[in-house]
Amino acid sequence: MRPRGSNRGNSGQVLIIASLILALLLLSTAVYVADTQKNVPVYNSGAEQSFSAYKLGATNTVLSAVANISNGGSVNVLVADLNQFKSVVNSHSFSAMVKIDFLPLNMTPYNDGVWISWGSNGHGVSGAYVNMVLNSSGTSATCYSEYAINVTSELNVNGQYTLLNGSLKQVNLTCNILNEGKPALAQNFTVYYEQDGSLSTEEWIQVASPSITDYGNGTYRMSFTANTTSPADPMLISVYSQDLRHVFVKANVTCTMV
Amino acid sequence: MRLLKDNKGQIRTIEAFFASILLLSALTLIPAVQEHSSDSSETLSSTAHNILLSLDSNGHLADLISNKSWVNLKSCIQSSLSPMVWFNLTVFNENMTPINDMPITSGSPVNDRIAAADYVCASTSSNYAVYIVRLQLAGVD
């Protein structure tokens with residue numbers, strides 16, 4: 001037989017302790033949830049956040065300059081645009097002290113950071129290369145980065161032709177558009193051929209409506225008929241293209257007869 | 001031997017100990033709640049910045065501004081935010097003159113605590129321009 005007194009005296013206390021433990025458990029869960037909510041990965045504000053924005057802004061600036069230069073603008077546009085961007089950032093960065101320095105690459109094939117090469121070997125390039133230094137100091141963080149902005153639009157053209165009737169020729173071209181070495185899409189194409197196949201007297205004739213097949217991976221196939229002065233004339237083709245970034249590239253190629 | 005038999009006092013001590021832990025943990029919750037409310041404006045400001053950054057990632061933001069597509073710009077911001085969040089967007093030129101000729105907002109603010117983010121947006125088109133975009137946000141408490 002168990003003593004009566006001890007049973008009666010402890011049962012209530014055990015219940016209270018159990019309820020206290022339960023309350024503690026609930027409270028600790030609440031604290032855990034509150035802490036987890038606080039630690040939700042939110043992109044860090046201040047210097048770091050502005051930093052990404054300035055990097056993107058600088059890249060967009062170089063891209064705009066390449067679009068301008070490739071469409072006939074002056075090479076000085078690159079430095080002028082970057083200076084404009086720098087001055088706006090300096091005067092409107094409130095949450096962090098931002099310092100931007102840039103140096104356009106002056107090494108072959110770049111000249112003042114710009115590379116325009118619209119060759120006759122079926123390869124055309126419009127690009128720019130700028131070394132950047134970004135330093136952003138905010139109240140919570142300081143960021144420093146040295147990096148390079150490389151904007152390159154390339155056009156590769158291969159061509160073949162077959163003689164049809166007299167000097168009428170069926171021309172097939174394969175064009176590849178690349179942005180920073182990766183396949184990209186074109187906005188438009190304009191195709192020309194040289195009437196007598198000689199560059200001593202340039203008489204480029206625009207192909208009215210070439211048939212263009214877009215493979216969706218940066219490869220385009222074009223076909224059209226061209227009428228040269230004589231059947232023996234070489235088939236010189238010039239392809240003008242603008243990619244989706246409005247950068248103009250041109251490439252000339254001599255088609256092979258098949 | 002007597003100590004082992006007499007459990008009454010020990011249990012009360014344990015009870016008091018648990019009660020004090022309960023009180024202490026309740027006290028720790030109070031600053032956590034206060035911190036949460038002060039963090040909300042920072043979170044809104046960060047959200048505003050992230051929205052503008054993602055819109056600008058492919059030059060879309062600058063294109064919308066250059067083309068004065070204010071309605072499309074409003075739709076873009078609206079679709080990036082919860083319907084419970086109020087927003088107001090203003091586009092300035094380099095001289096801080098507003099250039100959006102229509103309000104880009106979701107109505108009247110739902111809260112007095114408004115968070116804002118200023119974003120420097122450079123265009124990618126050959127006609128270069130730099131804009132300062134200010135996105136103000138306010139959420140329901």
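Two strands pair if DSSP finds at least two bridges between them, and the strands themselves are DSSP runs of E with at least two residues, just as helices are runs of H or I with at least four, all numbered from the N terminus. With that in hand, let us walk through this model. It is a predicted one, in which local features need pLDDT of at least 70 and side-chain atom pairs count only at pLDDT 80 or more, while totals for chains, interfaces and linings use all residues. Residues are numbered from 1 along each chain as its sequence is written, and chains are lettered from A and ligands numbered from 1 in the order in which they are written.

Start with chain A, which has 3 helices and 13 strands. Its radius of gyration, taken over C-alpha atoms, is 33 Å, well over the 18 Å that the globule rule (2.2 Å times the number of residues to the power 0.38) gives for 258 residues, so chain A is more spread out than a compact globule. Along the principal axes, its C-alpha atoms fill a box of roughly 125 × 50 × 25 Å. A residue is called buried if 20 or more other C-beta atoms lie within 10 Å of its own, exposed if 12 or fewer do, and partly exposed in between, with C-beta atoms placed from the backbone. By that count, 35% of the 258 residues of chain A are buried.

Chain A is divided into domain 1 (47–152) and domain 2 (155–257); these bounds come from an automatic or database domain assignment. The C-alpha centres of the two domains lie 32 Å apart. Where do they meet? Two residues are in contact if their C-beta atoms, placed from the backbone, lie within 7 Å, and 15 residues of domain 1 of chain A are in contact with 14 residues of domain 2 of chain A. On the domain 1 side, α2, β3 (123–138) and β4 (142–163) of chain A each supply at least two residues. That side divides into 5 nonpolar, 10 polar and no charged residues. Here Ala, Val, Leu, Ile, Met, Phe, Trp, Tyr, Cys and Pro count as nonpolar, Asp, Glu, Lys and Arg as charged, and the others, Gly among them, as polar.

Now look at the end of domain 2, where strand β11 (residues 236–243) of chain A and β12(A) pair in the antiparallel sense over 7 bridges. One of the partnerships joins Gln242(A) to Phe248(A) in β12(A). The two strands form a hairpin with 4 residues between them. In that turn, His246(A) has a positive phi of about 70° although it is not a glycine, and His246(A) is buried, with 20 other C-beta atoms within 10 Å. Strand β12(A) (residues 248–254) has 6 of its 7 residues buried, so it is largely enclosed by the rest of the structure.

Another loop worth a visit lies between β1 (96–104) and β2 (114–118) of chain A, where Pro109(A) is found. The peptide bond from Thr108(A) to Pro109(A) is cis, with omega near 10°. The same loop between β1 and β2 of chain A holds Asp112(A), which has a positive phi of about 55° although it is not a glycine. With 15 C-beta neighbours inside 10 Å, Asp112(A) counts as partly exposed. Such details catch the eye because most residues other than glycine have a negative phi, and most peptide bonds are trans.

Next comes the interior. A nonpolar core is a set of buried Ala, Val, Leu, Ile, Met, Phe, Trp, Tyr and Cys residues joined through C-beta atoms within 7 Å. The largest such core has 82 residues, of which Val62(A), Ala128(A), Ile237(A) and Val133(B) touch the most other members. Its largest share, 11 residues, comes from helix α2 (residues 47–70) of chain A.

Finally, turn to chain B, where 41 residues are in contact with 42 residues of chain A. The largest share of the side of chain B that touches chain A, 24 residues, comes from α2(B). Chain B also has an open sheet of 4 strands in the order β2-β1-β4-β3, with antiparallel pairing. Strands β2 (104–105) and β3 of chain B stand at the edges, each with a single partner strand, so one side of each is left without a neighbour in the sheet. Within this sheet, strand β1 (residues 85–92) of chain B pairs with β4(B) over 8 bridges, and Phe92(B) stands opposite Ile132(B) in β4(B).
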